[in-house]
Amino acid sequence: MPRMDTADLNRRPLLPLIIACLVLAMFCTGCFGETPANVDWATHESTGASASADGIQETLDTYASALVEKDRVRFASILDQENPAFTEQELQRFDGLIEVPFDRYYLNLISQTESEPGKVAAKVATAYTLRGSFPELPDLRRDAYFLVRRDGGWKLAGDAGEQILGMKRDARFEDFGKVEALEGDRTIVFYQSPQTEVAQQALTMAEASLPRIEEFVPGASLPKVPVKVYKGTDEINQTFPGKWQEWTGGASRQLGEKAEQGGEIIIDAEVFQETDKTSPGYNQKMIAHELTHIALFPLTGDRTPPFLIEGLADHVAGIEDVVLLKNRLQSGSDFSPTLSDLYQPGGFSALLTTDAATLAYEESDMAVALLEERYGNEKVLALLREFRRRESDNVNQAVLVDEIFRSVLGVSWNEFENDWRRYVLEN
Ligand SMILES: [Zn+2]
């Protein structure tokens, strides 16, 4: 899909939302985490080093707890002073994270190998949670460190990522400068100081969206949702290489399979500011849309029709006009995707053109608008629950959709689709 320019943005304010969602679909289908490295210990896994392994985990524990407790002296105490460049880099990292309210920092030894006496390379798994945010650790990330034995204890002495994991690690948000935090009641926005203005706007918009989200997704006890404001596309691409070529404005990403791991929102400050000038009001909708996705994660399963997910997110955010779809229906010409294409789990990932994407969202918006108007929000939620409950059923998606529409709404899929056509033409 072509990148949006601002002229397009003016003409068709819905488009950035579409692209944000395609990006989201990418997250759902692919793993948006860092590229997993399959490079493992080739040879000499250290033998007889189990005694030192305990000491290594202690060093890692000190590193993690010092970050949580903001104890710079303790943090510095496990860094190898004979490697000043690394020590300096880690202290800068500590200072850059001082405003981040970690609740738990997990840093665990996976395996180690001794390259020479008193020097090991250690592979670790790491993740953290934030105070007041989602309780479960997100999916673990791999890191690797060199450690050296000094005065009877193990000190961190360098980054062993390239040697041990076979790759340079991807950039992380904190690599772009000291992380600032703005905490609202229900969101926590992270940013670097040049992005202060966008961060403040994002916080206000996110907080303002929550009552409406909770009205439509009742019981969605959203803890504080992290929102990361990146300077621009370059920084986002460095952090998630190859994961979003078609970037505009904002997207949400799930931090793990479990609902308790939650999700976060990512914002491109440059696009955000541009959009603010060209399409006032759009950013608010974008954030509401992405927050709705995060609120819906617990209700979403592998078989949930994506038109329900995208339509509901648009419904909460405030639906735009559906011009293209109405034209196509009025002219009687065939169009793709059909609403049935969009109940397939991969339905949104398969959209290749701007027209197809626009249609897909308009179709979803109208389907959810019809459901809300005729059956009520409770039934929309009941549909979501039923799709989740039956996600492992051994029937094809068409049969499953038909059965669930019949059991929850009392209409067949074909009846619903016909009602939907009439509804689009009448509205
Ligand atoms: Zn979406």
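A helix axis here is a line fitted to C-alpha atoms over the stretch in contact, and angles between axes run from 0 to 180 degrees between N-to-C directions. Keep that handy for the last stop. What you have open is a predicted model.

**Stop 1: confidence.** Colour the chain by pLDDT. The mean is 85, and 86% of the residues reach 70 or more. Now select strand S5, residues 180-183: confidence is highest there, at 98. Jump to helix H1, residues 6-11, and you hit the lowest, a mean of 27. Widen the selection to residues 1-14, where pLDDT stays under 50 and the model has 29 contacts beyond four places in sequence. Residues 22-51 are also below 50, with 47 contacts in the model beyond near neighbours in sequence.

**Stop 2: helix H9.** Select residues 269-278 and show the side chains. Which residues of H9 are buried? They're Ala269, Val271, Phe272 and Thr275. Turn the view to look down the axis of H9: these buried residues fall within an arc of 160°, so they line one face of the helix.

**Stop 3: helix H10.** Next, pick residues 282-296. H10 is mostly covered, with 14 of its 15 residues buried. Try your distance tool on its end C-alpha atoms: they are 21 Å apart, which agrees with the 21 Å that 15 residues should span at 1.5 Å a residue.

**Stop 4: a crossing.** Finally, select H13 (residues 354-374) and H16 (residues 413-426). Their axes come within 10 Å and cross at roughly 100°. Angles of 65 to 115 count as roughly perpendicular, so that describes H13 and H16. To see the contact, highlight Met366, Ala367 and Leu370 on H13, then Asp419, Trp420, Tyr423 and Val424 on H16.

Technical notes. Residues numbered from 1 in each chain as written. Predicted model: local features only at pLDDT ≥ 70, side-chain atom pairs only at ≥ 80, totals over all residues. pLDDT = per-residue confidence, 0-100. Helix = DSSP H or I, 4+ residues; strand = E, 2+ residues; numbered from the N terminus. Contact = placed C-beta atoms within 7 Å. Buried ≥ 20, exposed ≤ 12 C-beta atoms within 10 Å, placed from the backbone. Arc of directions from axis to C-beta. Expected span 1.5 Å × (residues − 1). Parallel < 35°, antiparallel > 145°, perpendicular 65-115°, else oblique.
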